[in-house]
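Me: I would like to go through this structure with you, beginning with its charges. Could you take my questions in turn?

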Amino acid sequence: MTATREGTDTADVFDEQTRQRAQEIIARYPRSRSALLPMLHLVQSVEGYVSQAGMAFCAQQLGITTAEVSAVVTFYTMYKRQPAGEHLVSVCTNTLCAALGGDEIYARLRKQLGVGHEETAGRPGSTGSITLEHAECLAACDLAPVLQVNYEFYDNQTPESAVALVDALRRGDRPPPTRGAPLTDWRSTELQLAGFFGEAQELRDAVDAPSAAPETLAGNQLAQDNGWQAPAMPDQAPPLPTVPEKK
Ligand code: FES
């Protein structure tokens, strides 16, 4: 019996398969505490968020305190403290996307779904339920404005295309991302982030899916077309400039 301070028995929440997966994750690292990040993704694949029981489960498995687990959970925005929807929709509202329409997209989706940041339209986990969030730069500025569903990219969005996308998700459809792996649901994505890929074909599909966009490769293509090359790296690194001694 493994109970948390709040009285939740983690055995009620995390079954034998999850415990075995936890042990597989821990075995990947020389020190068990290094396994915390993928362990939290594993917890989210089961619960749809990180509950008190989820934090206690990680602490027990890793031999650390729940305070240490909580410090990590509350630092990273990928770990959710409330049950998430079937899909997580992340709208980039960082500088470039915001200037090109990201703020308007986020505002339209808030209105369309009737929710705010990190709130869920529909019963969390049920088909068509959507958690909405605004996100910092998603590292796809050349394709701005972008949004992600379960961390898969939908590039060059407009308010209209974004509304059409969430309407399709609400109906239970899964429109293909612009690039990358096929769209699944958020909990399945969390299991993948923990390092478990289910059927071999599912993994193959995800790996084989196109991921590079022409916009991202434009500079590389230009260099190829013109026969440009970066200068070769010197055999020996040039000496560093001398720095005045601190007094
Ligand atoms: S600002 Fe949106 S992807 Fe960089």
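**Charges, layout and cores**

Reply: In this predicted model, the 20 positive and 31 negative charges of the protein have mean positions 6 Å apart.

Me: Which domains is the protein divided into?

Reply: The division gives domain 1, residues 10-73, and domain 2, residues 87-185. The centres of domain 1 and domain 2, taken over C-alpha atoms, are separated by 28 Å.

Me: And how many helices and strands are there in the secondary structure?

Reply: The protein has 10 helices and five strands. Its C-alpha atoms fill a box of roughly 65 × 55 × 50 Å along the principal axes.

Me: Turning to the interior, which residues touch the most other members of the largest nonpolar core?

Reply: Those are Leu36, Met39, Leu40 and Val69, in a core of 24 residues. Two or more residues of this core come from each of helix 2 (16-27), helix 3 (36-47), helix 4 (52-62) and helix 5 (66-73).

Me: What does valine 69 touch, leaving out residues up to four places away in sequence?

Reply: On that basis, Val69 touches Leu36, Leu40, Met55, Cys58, Ala59 and Ile64. Another core, of 19 residues, lies apart from the largest one, and its members include Val91, Ala162, Leu165 and Val166.

Me: What percentage of the residues in the protein is buried?

Reply: Of the 247 residues, 43% are buried. The protein exposes about 14,200 Å², of which carbon and sulfur atoms supply 53%.

Me: Among contacts with a separation of 6 or more, what share comes from residues 24 or more positions apart?

Reply: Such residues account for 66% of those contacts.

Terms used. Residues are numbered from 1 along each chain as its sequence is written. This is a predicted model: local features need pLDDT of at least 70, side-chain atom pairs count only at pLDDT 80 or more; totals for chains, interfaces and linings use all residues. Side-chain values use heavy atoms; hydrogens and water are left out. A nonpolar core is a set of buried Ala, Val, Leu, Ile, Met, Phe, Trp, Tyr and Cys residues joined through side-chain atoms within 4.5 Å. Buried means under 20% relative accessible area, exposed over 50%, partly exposed in between (1.4 Å probe, protein chains only). Helices (H or I, at least four residues) and strands (E, at least two) are DSSP runs, numbered from the N terminus. Contact means heavy atoms within 4.5 Å. Domain bounds come from an automatic or database domain assignment. Accessible areas come from the Shrake-Rupley method with a 1.4 Å probe; for residues, only the protein chains shown count as cover. Lys and Arg count as positive and Asp and Glu as negative; His and the chain ends are not counted. The place of a charge is taken as NZ of Lys, CZ of Arg, CG of Asp or CD of Glu.
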